Every structure is written in C-alpha cells, then in structure tokens.
Amino acid sequence: MKQKVNLTVSEPSAGGVFNTLASGWALQRFGNCIVINGLDELENKIRILCGSGTREIGHLTIIGHGDGFHQNIGFNELRLGCKGFGQEGETFKKMKPFFAQDAVIILGGCQVGQNDSIVNELSRILPGVRVRAFTAQQRPAFPGYLSSQGGLVESLNGRIVRRTLRNGFDVYDNFLFDILDKMPTIPGGG
C-alpha cells in the first residue's frame, strides 16, 4: 500500500509566500507545503515525492490568485481556452499516475468555483480525481473561507457532483473536507 502525501503549493509572490508560511499551522493535516514558480516545477516536485512508487498524492491544494476564469499556479495560469487547458492540461495529464484513486485537488483561488468549466475540465483530464473550488473571495492562507454568499463546487470525471452553500461559515481547517466526503453527491452528477 502506498503512503498518501498531502501537498500544498503557493505562488512565489509576496502574498503567495505569506499564504504558504501562514498556512503552515494547518499543514498537520495537509502535509508538505512548498512555493513553486509554475506548473513544470509542480510536476517535478510531485515526481520527486512520488516517483519511487511508494507514495501518491492524496490531497493537492493550490493557493494562488484566481477568479471565475482562471487559477494561478505559480507564474502559470490554469485557464480554459477553445482547446481546453492547452499545455497546462498536458502537464496535469503527466501527473495523473502520481495521484491516489480517491485524490482531491483544491483550487484555492478566489471565486474559481464560479465557473463549472474549470473544475469540470481538470477532473475530466484527471479521471477519478475530485476537483474542488470555492465561489467566494478567499482569505490569504485559509483556502476554504466562504463568505455569506460563498460555496463550494466539486467535480468528478468532468461532471459536477456537489454544490454547497455555507452562509457565514468560515472554514479554517480541513475537517470540513472530511465532512464533505461523507455528504451525498448530486444524483445524476449535476
């Protein structure tokens, strides 16, 4: 049985470094925390962590700027074009063998979950990996903060399987994700 590795990555901007350092206390549950310059560096770090075949990614949290149209990954943007994510999508496909069967990717940028297309496309190119994003502004260092209008969207195999609304509910630890994993999914996936 492979050991699951939980990884949090942040962009190298001043805010990204702050996010990474300030979120360190939460890493008791989330695992390794690194600052990356881009998607190629993320792929390299994952290969180093999991390349021996004894470890696999259980949770990957990406902290960086975002909006309803993109998620920053270091200096790269995960942004849908007319042909999917382009080179960024190809890089994620190369990382697929390193993800656990029940892996979760959390896109921690502001309002990334407002656009179903981003989470659906990433979960489509990484079959079996759940992709989650939030609809509200995110507090630095605390992905999962949900404002009174905020919620979470989750996609699996290219289809939305969960939407939640949390009125005035702040999430400062990943215990919520354990609770969400026990909640029923949307019948028919959408």
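Let's start with one rung of a ladder: Asn72 has Glu77 in strand S6 as its bridge partner. That rung belongs to the pairing of S5 and S6, which are antiparallel and share four bridges. Keep in mind that this is a predicted model.

S5 and S6 sit in a three-strand open sheet with the order S4-S5-S6 and antiparallel pairing. Strand S4 (66-67) and S6 are the edge strands, each with a single partner strand, so one side of each has no neighbour in the sheet. As background, strands in a sheet pair through backbone hydrogen bonds, and they can do so parallel or antiparallel.

Glu77 has a second job to look at. Its side chain forms a salt bridge with Arg79, with the closest N and O atoms 2.9 Å apart. How exposed is Glu77? Glu77 is partly exposed, at a relative accessible area of 34%. Arg79 is also partly exposed, with 36%.

**Salt bridges and a shared network**

The structure holds nine salt bridges in total. Another of them joins Glu154 to Arg130, where the closest N and O atoms are 2.4 Å apart. This pair ties together distant parts of the chain, with Glu154 in strand S9 (residues 151-156) and Arg130 in strand S8 (residues 130-134), 24 residues apart. Glu154 also meets Arg162 in a salt bridge, at 2.8 Å from N to O. Through shared partners, salt bridges join Arg130, Arg132, Glu154 and Arg162 into one network.

Here is how covered some of these salt-bridge residues are:

| Residue | Relative accessible area | Class |
|---|---|---|
| Glu77 | 34% | partly exposed |
| Arg79 | 36% | partly exposed |
| Glu154 | 0% | buried |
| Arg130 | 22% | partly exposed |
| Arg162 | 4% | buried |

Why does Arg162 count as buried while Arg130 does not? The cut-off for buried is under 20% relative accessible area. Arg162 is at 4%, so it counts as buried, while Arg130 is at 22% and is therefore partly exposed.

Now look at the strand that holds Arg130. Four of the five residues of S8 are buried, so the rest of the structure largely encloses this strand. S8 is joined to strand S7 (residues 99-107) by four bridges, and the two run parallel. Within that pairing, Val104 has Arg130 in S8 as its bridge partner.

**Two helices with a buried side**

Next up is helix H3 (residues 39-50). Its twelve residues should span 16 Å at 1.5 Å a residue, and the C-alpha atoms at its ends are indeed 16 Å apart, so the two values agree. Which residues of H3 are buried? They are Leu39, Leu42, Glu43, Ile46, Leu49 and Cys50. Because these residues cover an arc of only 130° around the axis, they lie on the same side of H3. On the face turned away from that buried side you'll find the exposed residues Asp40 and Ile48.

What does the buried side of H3 pack against? Its buried residues pack against strand S1 (3-10), strand S2 (32-35), strand S3 (55-63), strand S5 (70-73), strand S6 (76-79) and helix H4 (87-95). That list brings us back to S5 and S6, the strands we began with.

H4 can be read in a similar way. Its buried residues include Gly89, Thr91, Phe92 and Met95. They cover an arc of only 160° around the axis, which puts them on the same side of H4. The buried residues of H4 pack against H3, S3, S5, S6, S7 and helix H5 (116-125).

**A residue in S1**

Strand S1 contains Lys4. Lys4 is partly exposed, with a relative accessible area of 42%. In sequence, Lys4 and Gly58 are 54 residues apart, yet their C-alpha atoms are 5.1 Å apart in space. Leaving out residues up to four places away in sequence, Lys4 touches Glu56, Gly58, Ala100 and Asp102.

**Zooming out**

What about the protein as a whole? There are six helices and ten strands, and 52% of the 190 residues count as buried. Of the contacts between residues at least 6 apart in sequence, 67% join residues at least 24 apart. The protein exposes about 8,800 Å², with carbon and sulfur atoms supplying 54% of that area.

Notes: Residues are numbered from 1 along each chain as its sequence is written. This is a predicted model: local features need pLDDT of at least 70, side-chain atom pairs count only at pLDDT 80 or more; totals for chains, interfaces and linings use all residues. Side-chain values use heavy atoms; hydrogens and water are left out. Buried means under 20% relative accessible area, exposed over 50%, partly exposed in between (1.4 Å probe, protein chains only). Contact means heavy atoms within 4.5 Å. Accessible areas come from the Shrake-Rupley method with a 1.4 Å probe; for residues, only the protein chains shown count as cover. The expected span of a helix is 1.5 Å times one less than its number of residues. The arc is that of the directions from the helix axis to the C-beta atoms. A salt bridge is a side-chain nitrogen of Lys or Arg within 4 Å of a carboxyl oxygen of Asp or Glu. Two strands pair if DSSP finds at least two bridges between them.
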